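Good morning, and thank you for the time on today's agenda. I shall present one protein chain and go through some of its helices and loops.

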Amino acid sequence: MNNDTNEYLIRSLKEEMEKEEFLSSYDGKDKVISSYDMNEELKKSGALEVKGYNCGFPYLSSKIGKLEPGNIITVTGYSGQGKTTILISMTIKLAEQGIPVLWFSYENTPAQFFRKFQNVDLPLFYLPMSNKPYDLSWFTDRVKEAILKYDIKVIMIDHLHYILDLFQSKNSSIDIGNLLRNLKILAVENELVIFLVAHTKQPKDFNDPDMGSIRDCLTGDDLIYTDKGEIRVDSIKTGSKILSFGGLNKLKEGMVKNVWETGEKDIYTVRTKTGKEIKCSDGHKFFATTSIGGSFGPNNKRGIRGWTKLKDLKVGEKIYVAGSLPYDSGDSSLTLSQASTVGWIIGDGHITERYHTEVTTSTMKEAQYLLHMAGISGTITPYKDKKAFRVHLSNKKEANWIRDLFKKNKFCPVGLDKNIPGFIKSLGKLEKAAFLRGLFHADGSINKSGINSLTVSLCNISYSMLKDVQHMLLELNIKSWLRKKRTHGTYPNSKGTYNLCIYGQDLIIFSHMIGFFCDKQHKLDNLIENFIPKSKKQRNLFFDKIVSIEKTGREMTYDIETTTGSFIVNDILTHNSSFIVQESDKVLAVHRSKGSGRSKVIVLKDRDFGSSMGQYSEFFLNGNLLEEVETYKQGEVCKAASESRKEGERLRDLEAVKEII
């Protein structure tokens, strides 16, 4: 070691010791303290007391509590329902308490806005002489100006889409999320309450808005990919680890933050060229390309469109789907030989209700190989008049791991009911590869139709089983295509036969990681030896063409919120339904009851008062303002509304009975 290196090490060691000494006695404002000390500090400063402002409407205030500095409160509803009117009415109530309010009324000229205050005493509030839409920097400067000049405490923004130009946005969902986070930082740093108006789509039935009105949702039987395997949407738990969009061709880990049931909605089934399928509402977002056909690049007018609602997508356009799934459970509860045996049984075997198991093989060599791999003393018999053999893998008198395994898991599927059992889905990657080797050997085929056209396929009448196989292949970095082979099946209620195909570079990975047994593997090795795939690129995500979008009825729906904004469902990349809801502290919906002349302010979300969700306060129009129905009458209003709903349901049931009669 030379002198320079020695001096460098001594100097580094000295600097590290000095830093440790400095940190050990550090007493700055951001020093680390105990929870007890922090609690005492907060008590002394009075920060533990809930500070804020009363909205001025007693019954609504009892539901949402105080308007706390740092909060973002979104006011949503269908067009023309009174969102602006309720904020103007609240401005008057706040002004009466001496709370300074700053208004950004982008939708109206100053004259139009001030006409809304006719016939009332004009309250004191503040606003720019003119507004500059789509400029967040200008907006922030006006807020800071108003704080310095007038000590502003509350801000009203009408409405969201005038701060953010969605027509120029390349990715509206991400841009809205960024905007909301910037507003949240502004609110926290300056101790402001910010009200934000956001329109929502109007349904045909004109019912009260709910979370489903501002969220676009999935059905309960869609499957979310987690570190614990695939979990149904209606069973997913908060805290579950998921995979999400991490950039082009990149995945990153995230976590489920919230799950909501959002009521029944119209559902559409989206199918892609590779056979992936998802059910969702028409507003659910997918990561898409900008046009149909052609190569990427400005000359071809095709590039990345970003997060796009289903209703804005067409057949022929492409969306991001998973090209590989990295999680590995590491479960080795079955040996590799046992996993391969189970795969062979599911592929070409028969399991009786008493869990007696038989497998058909085409040669004696295969039959003997299967018995040896299973590690049991079964028997081999000729199979009727066919040139095949039956391998009997269970004997009532002997202990048998196959019979015990199937009996324990009550697994004896036949025909259309064939599926991949849960005890296989939970295995580690090596064990899954061994299982697939047995399955493909039993029921798979190798096809060569040209000099450089080579395919491995798995054919079956059970669509659900092949979907499971396709997912397991992705866990081994192998893409596959699932297609319907012919129209009619041989089983009753069969919708036909389905074919799962593996091509190109994925075929080489298949040969190395899965493959076959005996002569079948030798055949594949010989064919692959001179095989040159068209594409050698392996991607975590790839664009898959939409082949159909079909309305398939109404179903109960659910919404998922994740820490990273997206997640994988049915091997398709999808998006959090609403960044507005996700980033807001409270969400209030304004809805004018048809024919009653009254409006409701409905609590859709409240981080501080979760028990108030779904409750509402009734208002009536008094000139240009909304006045709250007196508190003591609110209970009567709610009771009457409940009785009215029950009577409506009774009459509908009576009409249904009449139709049956």
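Before we begin, one term is needed: two residues are in contact when heavy atoms of theirs lie within 4.5 Å. Please also keep in mind that the model on the screen is a predicted one.

Let me start with the chain as a whole. The secondary structure comprises 18 helices and 28 strands. The chain has 661 residues, and 48% of them count as buried. If we take the contacts with a separation of 6 or more, 68% of them join residues that are 24 or more positions apart.

I turn now to a pair of helices. Helix H9 covers residues 336-348 and helix H13 covers residues 429-443; their axes come within 7 Å and cross at roughly 35°. The crossing of H9 past H13 is right-handed. Which residues of H9 and H13 meet? On the H9 side they are Leu336, Ala339, Ser340, Val342, Gly343, Trp344, Ile346, Gly347 and Asp348. On the H13 side they are Leu430, Glu431, Ala434, Phe435, Arg437, Gly438, Leu439, His441, Ala442 and Asp443. Sorted by class, this contact between H9 and H13 holds ten nonpolar, five polar and four charged residues.

One residue of H13 merits a separate remark, namely Glu431. Is Glu431 buried or exposed? Its relative accessibility is 11%, and the cut-off for buried is under 20%, so Glu431 counts as buried. Setting aside neighbours within four places in sequence, Glu431 is in contact with Asp331, Ser332, Leu334, Leu336 and Ala339. Of these, Leu336 and Ala339 also appear among the H9 residues that meet H13. Leu334 is 97 residues from Glu431 in sequence, yet the two C-alpha atoms are 7.2 Å apart in space.

Next come two helices considered individually. Helix H6, residues 136-150, has 15 residues. From its first C-alpha to its last, H6 reaches 21 Å, close to the 21 Å expected at 1.5 Å a residue. The buried residues here are Trp138, Phe139, Val143 and Ala146. Why do these four lie on the same side of H6? They do so because they cover an arc of only 140° around the axis.

Helix H16 can be described along similar lines. H16 has twelve residues and reaches 17 Å from its first C-alpha to its last, where 16 Å would be expected at 1.5 Å a residue. Its buried residues are Cys518, Gln521, Leu524 and Ile528. They span an arc of only 120° around the axis, which places them on the same side of H16.

Let us stay with Gln521, which is located in H16, residues 518-529. Gln521 has a relative accessible area of 14% and is buried. Apart from residues up to four places away in sequence, Gln521 touches Ser511, Gly515 and Phe516.

We now move to the loops, beginning with two buried residues. His284 sits in the loop between strand S10 (277-280) and strand S11 (285-289). The relative accessible area of His284 is 1%, so this residue is buried. His284 and Thr574 are 290 residues apart in sequence, but their C-alpha atoms are 7.6 Å apart in space.

The second buried loop residue is Ser480, between helix H14 (463-475) and strand S20 (481-486). Ser480 has a relative accessible area of 2% and is therefore buried. Residues up to four places away in sequence aside, Ser480 touches Thr274, Gln470, Leu473, Leu500, Cys501 and Ile502.

Finally, I wish to point out some features of the backbone. Asn119 is not a glycine, and its phi is positive, near 70°. Asn119 belongs to the loop between helix H5 (110-115) and H6. With a relative accessible area of 79%, Asn119 is exposed.

Glu191 is likewise not a glycine and has a positive phi, of about 50°. Where is Glu191 found? It is in the loop between H7 and strand S4 (193-199). Glu191 is exposed, its relative accessible area being 55%.

The last feature is a cis peptide bond, which joins Asp158 and His159 with an omega of about 5°. His159 is in the loop between strand S3 (154-158) and helix H7 (172-190).

Thank you for your attention; I welcome your questions.

Notes
Residues numbered from 1 in each chain as written. Predicted model: local features only at pLDDT ≥ 70, side-chain atom pairs only at ≥ 80, totals over all residues. Heavy atoms only, no water. Axes fitted to C-alpha atoms, helices over the stretch in contact; angles between N-to-C directions. Left-handed = near helix turned anticlockwise from the far one by under 90°. Nonpolar A, V, L, I, M, F, W, Y, C, P; charged D, E, K, R; others polar. Expected span 1.5 Å × (residues − 1). Buried < 20%, exposed > 50% of the residue type's maximum accessible area, 1.4 Å probe, protein only. Arc of directions from axis to C-beta.
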